[in-house]
Amino acid sequence: MILEKTYAPLLAEPPRTTCRACGGGALETIVAFGETPLADGLVAPGRLKDADPVAPLTMVLCPQCSLVQILETVRPEVLFSDDYPYYSSVSPAFMEHARANAVEMIETRRLDAGSKAIEIASNDGYLLVNFVERGIPALGIDAAKGPAEAAQRKGVRTMHAFFTRELAFELRERGESADVLFANNVLAHVWDLNGFVDGIAALLKPDGVAVIECPYLLDLIGHCEFDTVYHQHLCYFSVTALDRLFRSHGLTLSDIRKIPIHGGSLRLYVTHGEAQSAAVTGMLSDEASAGVAKASFYEGFADRVAQIRTSLRDVLGRLKSEGKRVAGYGAAAKGTTMLAYCGVSKDDLEYIVDLNPRKHGLHMPGNRIPIVPVTVLTEDRPDYCLLLAWNFSAEILKQQQSYRDRGGRFIIPVPELRIV
């Protein structure tokens with residue numbers, strides 16, 4: 001009860017004792033990360049002396065429906081406030097990924113001026129702009145004011161709102177039903193998971209398709225991507241958990257595709273129909289054989305996470321003793337978990353470079369490491385750079401070839417620490 005009282009202003013509810021999807025109560029701990037700052041809680045210069053909001057971070061399994069989740073629920077309005085710093089259009093690789101997704105759906109679904117594309121968590125219009133440019137009506141829905149306004153400036157009609165069951169029914173009554181409904185990297189963020197999926201079912205036309213992307217649990221576990229666990233990500237999905245979730249709301253996971261984005265993700269095709277592709281049934285069979293609903297599948301994950309922490313601390317300590325200078329690359333949300341869990345401070349990293357100009361001049365939460373433009377890396381030329389945004393490692397290493405040509409080296413911490 002002390003925990004509930006201490007974190008009450010930050011948490012939307014007490015730490016959970018039941019599953020977010022099925023309500024099962026036999027939750028089993030996979031790994032407890034302890035107290036961590038909020039992943040996107042970047043600190044402005046005028047707040048450097050203020051205490052950061054922190055909350056426990058505990059990853060658990062529901063053996064009843066196989067959903068992996070965290071116990072703590074930080075209030076959505078705290079996580080996705082008006083100064084939310086994430087803008088999808090910053091990454092060229094992600095923009096191309098989104099464009100290809102949009103074009104494929106336009107062509108395969110034969111969308112035209114009489115169709116409707118809707119995106120939940122549409123951010124700065126990075127995806128829907130592809131529909132607007134082709135004269136296809138589009139509607140974005142996003143809870144963060146800054147990205148929503150950025151989308152509107154691009155000509156993407158955007159609602160500044162949280163997507164809920166109630167909003168979905170309201171939109172349907174107004175004739176805003178979707179031929180194609182996108183929900184990329186948002187399903188894991190949802191507090192009311194069942195209400196959210198109800199909303200998708202309501203907003204989707206009878207012959208429509210919901211295209212949903214989310215990180216894949218088996219990649220997270222297999223590649224030890226522990227830093228993708230943070231307070232924004234309430235759930236971590238296997239195909240088994242997704243299939244059960246959609247079925248409970250009258251929807252079908254009709255098809256599925258594995259994609260490399262964000263360290264390994266799934267692209268889901270969800271419909272009102274009942275048929276499932278061989279890809280779906282095959283992955284369900286594979287997961288059943290692997291035992292994703294059993295605690296034994298996750299044994300050893302916590303130990304591997306701890307080994308990455310030990311390796312990173314050892315490398316940073318050795319470099320410091322040798323007088324080497326180390327910076328970081330990517331003030332990403334996952335970086336907060338990495339730095340906090342591994343105990344990395346300003347004594348270890350002088351600064352972190354990032355492409356997003358909205359983050360420049362701010363500081364990482366917890367450790368107060370300053371965030372600066374990427375150009376500083378080649379101008380200042382530290383000896384080493386810890387790659388926090390490792391999910392874009394190929395793109396970043398290519399972009400920073402001149403830094404590497406001059407002797408700079410990158411430390412890539414996941415899945416096992418290596419220096420390139």
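This briefing describes selected strands, helices, core residues and loops of the structure shown above. The model is a predicted one, and each value below is computed from it. Among its features are an open sheet of 7 strands, a largest nonpolar core of 132 residues, and a helix, α12, that is largely enclosed by the rest of the structure.

**The open sheet**

- The open sheet has 7 strands in the order β6-β5-β4-β7-β8-β11-β10, and the pairing among them is mixed.
- At the edges of this sheet stand β6 (158–160) and β10 (252–259), and each of them has a single partner strand, so one side of each is left without a neighbour in the sheet.
- From one strand to the next, the twist of the sheet averages 15 degrees.
- Within the sheet, strand β7 (residues 178–184) pairs with strand β8 (residues 204–215) in the parallel sense, over 6 bridges, and Ala 178 has Leu 204 in β8 as its bridge partner.

**Helices α6 and α7**

- Helix α6 (residues 165–173) and helix α7 (residues 193–203) have axes that come within 7 Å and cross at roughly 10 degrees, and because angles under 35 degrees count as roughly parallel, α6 is described as roughly parallel to α7.
- On the α6 side the contact involves Arg 165, Ala 168, Phe 169, Leu 171 and Arg 172, while α7 contributes Asn 194, Gly 195, Asp 198, Gly 199, Ala 202 and Leu 203.
- By character, the residues of this contact between α6 and α7 divide into 5 nonpolar, 3 polar and 3 charged.

**Nonpolar cores**

- The largest nonpolar core holds 132 residues, and the members that touch the most other members are Met 59, Phe 131, Phe 237, Phe 246, Leu 268 and Phe 301.
- Leaving aside neighbours within four places in sequence, Met 59 is in contact with a set of residues that includes Ile 30, Val 31 and Phe 33, as well as Val 68, Ile 70, Leu 220, Ile 221, Val 229 and Phe 301.
- The contacts of Met 59 also include Glu 28, Thr 29 and Gln 69.
- A second core, separate from the largest one, has 7 residues, among them Leu 11, Val 74, Leu 79 and Phe 80.

**Strand β12 and its partners**

- From strand β12 (residues 326–329), Val 326 and Gly 328 point one way and Ala 327 and Tyr 329 the other way, and all of these residues are buried.
- This arrangement can be read against a general pattern, since in a regular strand the side chains alternate between the two faces of the sheet.
- Strand β12 pairs with strand β15 (residues 384–387) in the parallel sense over 4 bridges, and the bridge partner of Val 326 in β15 is Tyr 384.
- Strand β12 also pairs in the parallel sense with strand β13 (residues 352–354), over 2 bridges, where Gly 328 stands opposite Ile 352.

**Helix α12**

- In helix α12 (residues 333–342), 9 of the 10 residues are buried, so the helix is largely enclosed by the rest of the structure.
- The buried residues of α12 are Ala 333, Lys 334, Gly 335, Thr 336, Thr 337, Met 338, Leu 339, Tyr 341 and Cys 342.
- The elements that cover these buried residues include β1 (28–37), β2, α11 (301–321), β13 and β15.
- Just after α12 comes Gly 343, which takes a positive phi of about 65 degrees.

**Loops and backbone details**

- The loop between β2 (54–61) and β3 (68–70) contains Ser 66, a residue other than glycine whose phi is positive, near 75 degrees, and Ser 66 is buried, with a relative accessible area of 0%.
- Gln 64 lies in the loop between β2 and β3 as well, but Gln 64 is exposed, with a relative accessible area of 55%.
- Although Gln 64 and Ala 293 are 229 residues apart in sequence, they are 7.1 Å apart in space, C-alpha to C-alpha.
- Not counting residues up to four places away in sequence, Gln 64 touches Cys 22, Gly 24 and Arg 244.
- Asn 123, in the loop between β4 (117–120) and α4 (129–132), has a positive phi of about 50 degrees although it is not a glycine, and at 5% relative accessibility Asn 123 counts as buried.
- The peptide bond from Val 414 to Pro 415 is cis, with omega near 5 degrees, and Pro 415 is found in the loop between β16 (409–412) and β17 (418–419).

Notes: Residues are numbered from 1 along each chain as its sequence is written. This is a predicted model: local features need pLDDT of at least 70, side-chain atom pairs count only at pLDDT 80 or more; totals for chains, interfaces and linings use all residues. Side-chain values use heavy atoms; hydrogens and water are left out. Axes are lines fitted to C-alpha atoms, for helices over the stretch in contact, and angles run from 0 to 180 degrees between N-to-C directions. Angles under 35 degrees count as roughly parallel, over 145 as roughly antiparallel, 65 to 115 as roughly perpendicular and the rest as oblique. Contact means heavy atoms within 4.5 Å. Ala, Val, Leu, Ile, Met, Phe, Trp, Tyr, Cys and Pro count as nonpolar, Asp, Glu, Lys and Arg as charged, and the others, Gly among them, as polar. A nonpolar core is a set of buried Ala, Val, Leu, Ile, Met, Phe, Trp, Tyr and Cys residues joined through side-chain atoms within 4.5 Å. Buried means under 20% relative accessible area, exposed over 50%, partly exposed in between (1.4 Å probe, protein chains only). Two strands pair if DSSP finds at least two bridges between them.
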